Amino acid sequence: MKESEIIRTLFGTTPPPEDDCYFLAPNRLVTTDSLSEGTHFLHEWSEAPVLARKLVEVNVSDIIASGGRPKECFLNLGLSPLSQKKEWVRSFSKELRKSLDQYEMKLAGGDTFSATKTQLALTVVGTVEKPWLRSGGKPGDYLYVTGSLGQSQLGFLSLKKKTKDKKFTKAIERHLSPNSRYATSLLLHKFKIHACMDITDGLIQDGERLAMASRGRLKIQMESLPFDPLSLETLGFDLCLGSGEELELLFLSPEILPTKLAGVPVTMVGRLEKGKPGVQFLKNGKTYLPKSRGFLHFSEEE
């Protein structure tokens with residue numbers, strides 16, 4: 001089954017949610033995200049502190065992409081024979097507390113259990129005045145993306161190939177330990193943001209989710225996309241478009257925004273128009289069709 005079909009089956013006749021966070025009126029957001037050994041990481045690549053940071057960052061990214069601030073969290077920890085070792089647990093716990101303190105978050109509870117492979121899951125509760133929902137986009141809105149695209153995929157492939165070339169070090173770090181755009185999100189509140197999400201499955205898939213939720217057609221100019229130069233040179237357009245776990249913000253606004261916020265580039269890459277919901281990539285004025293969509297959890301979706 002496709003991932004979308006699995007989700008629809010779980011919800012039955014109730015429409016599945018369109019956002020990564022659930023809005024609890026009047027001012028609460030709830031999200032959860034997981035890191036599973038063999039799917040999201042390998043112990044040979046990621047030591048305990050790296051996993052602790054990444055677990056916090058991917059969840060914080062969901063909260064800020066909905067316009068909120070993280071407050072409390074609950075940790076589910078499935079420990080394998082390797083991660084049950086005292087040194088691993090102590091190292092993970094020390095970095096987890098440090099990461100939570102960075103955002104003034106409180107660890108409020110959770111669950112621990114024995115597992116054949118390490119399973120990490122965090123549920124985060126945040127506060128929000130008015131959530132940025134993916135469905136809030138309006139025709140005429142400008143599409144923006146923060147930072148750059150492609151490094152996470154380059155880092156993953158560099159790890160997979162066990163390359164020793166130091167020019168890929170930054171990309172490897174980006175893949176193993178991405179950072180949320182927390183500081184940038186705080187400044188975005190000064191502007192009108194109609195819809196927002198973070199890029200975790202690549203621009204192709206996440207752009208489609210944003211377009212479908214806002215019921216419009218996203219026209220994206222390839223020439224405007226902020227590809228990381230080394231990633232584009234090494235991988236080409238399609239792999240950069242499908243690069244996941246970037247944690248960059250993808251959002252719609254009716255305003256012209258500064259080109260940098262909190263030191264992070266903010267690039268206008270397209271516009272939301274009326275039409276059949278979806279994404280249209282344009283290169284040299286012509287429609288560009290990527291040959292791949294990025295990582296898919298379930299092969300039946302390919």
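**Pocket, sheet and cavities in a predicted model**

Helix α5 provides three residues to the lining of the second largest pocket, the largest share from any element. The structure described here is a predicted model, and this pocket is a convenient place to begin. It holds about 300 Å³ of space, and 17 residues form its lining. Nearest to its centre lie Gln151, Lys170, Arg174, Arg181 and Glu248. Two elements, α5 (169–176) and β11 (264–273), each give two or more residues to this lining. In terms of chemical class, seven of the lining residues are charged, six are polar and four are nonpolar.

From the open pocket the reader may turn to the enclosed spaces. Rolling a probe the size of a water molecule over the atoms shows where empty space is left. The count of cavities of 30 Å³ or more comes to two, and the largest of them has a volume of about 50 Å³. Which residues surround the largest cavity? Its lining consists of Asp19, Asp20, Asp62, Ala65, Ser66, Trp132, Arg134, Cys196, Met197 and Asp198. Strand β7 (195–198) and helix α2 (48–65) each supply at least two of the lining residues, and β7 accounts for the largest share, with three. Five residues of this lining are charged, four are nonpolar and one is polar.

Cys196, one of the residues lining the largest cavity, leads to the matter of cysteine pairing. How many disulfides does a search of the whole structure find? The search finds zero. A disulfide requires two cysteine sulfur atoms within 2.5 Å. The cysteine sulfur closest to that of Cys21 belongs to Cys196, and because 10 Å lies between the two, they are too far apart for a bond. Cys73 is likewise in no disulfide, the nearest cysteine sulfur being that of Cys21, at 14 Å. Both residues are nevertheless shielded: Cys21 is buried with a relative accessible area of 8%, and Cys73 is buried with a value of 0%.

Next comes a sheet. Five strands form an open sheet in the order β1-β2-β5-β3-β4, and their pairing is mixed. Why do β1 and β4 each have one side without a neighbour in the sheet? Strands β1 (22–24) and β4 (106–114) stand at the edges and have a single partner strand each, so one side of each remains without a neighbour in the sheet. On average, neighbouring strands of this sheet are turned by 20° against each other, with direction ignored. Within the sheet, strand β2 (residues 28–36) runs antiparallel to strand β5 (residues 119–127), and nine bridges join the pair. One of the residues concerned is Leu35, whose bridge partner in β5 is Leu120.

A last stop is Asp238, which belongs to helix α9 (residues 237–241). Is Asp238 buried or exposed? A residue counts as buried when its relative accessible area is under 20%, and Asp238, with 14% relative accessibility, is therefore buried. Asp238 may also be considered together with Ser292: the two are 54 residues apart in sequence, while their C-alpha atoms are 6.4 Å apart in space.

Conventions: Residues numbered from 1 in each chain as written. Predicted model: local features only at pLDDT ≥ 70, side-chain atom pairs only at ≥ 80, totals over all residues. Heavy atoms only, no water. 1 Å grid on protein atoms, 1.4 Å probe; cavity = no way out; pocket = protein on both sides within 12 Å on 5 of 7 lines; lining within 4 Å. Points joined across faces, edges and corners; volume = space filled by probe spheres on them. Helix = DSSP H or I, 4+ residues; strand = E, 2+ residues; numbered from the N terminus. Nonpolar A, V, L, I, M, F, W, Y, C, P; charged D, E, K, R; others polar. Buried < 20%, exposed > 50% of the residue type's maximum accessible area, 1.4 Å probe, protein only. Pairing = 2+ DSSP bridges. Axes fitted to C-alpha atoms, helices over the stretch in contact; angles between N-to-C directions.
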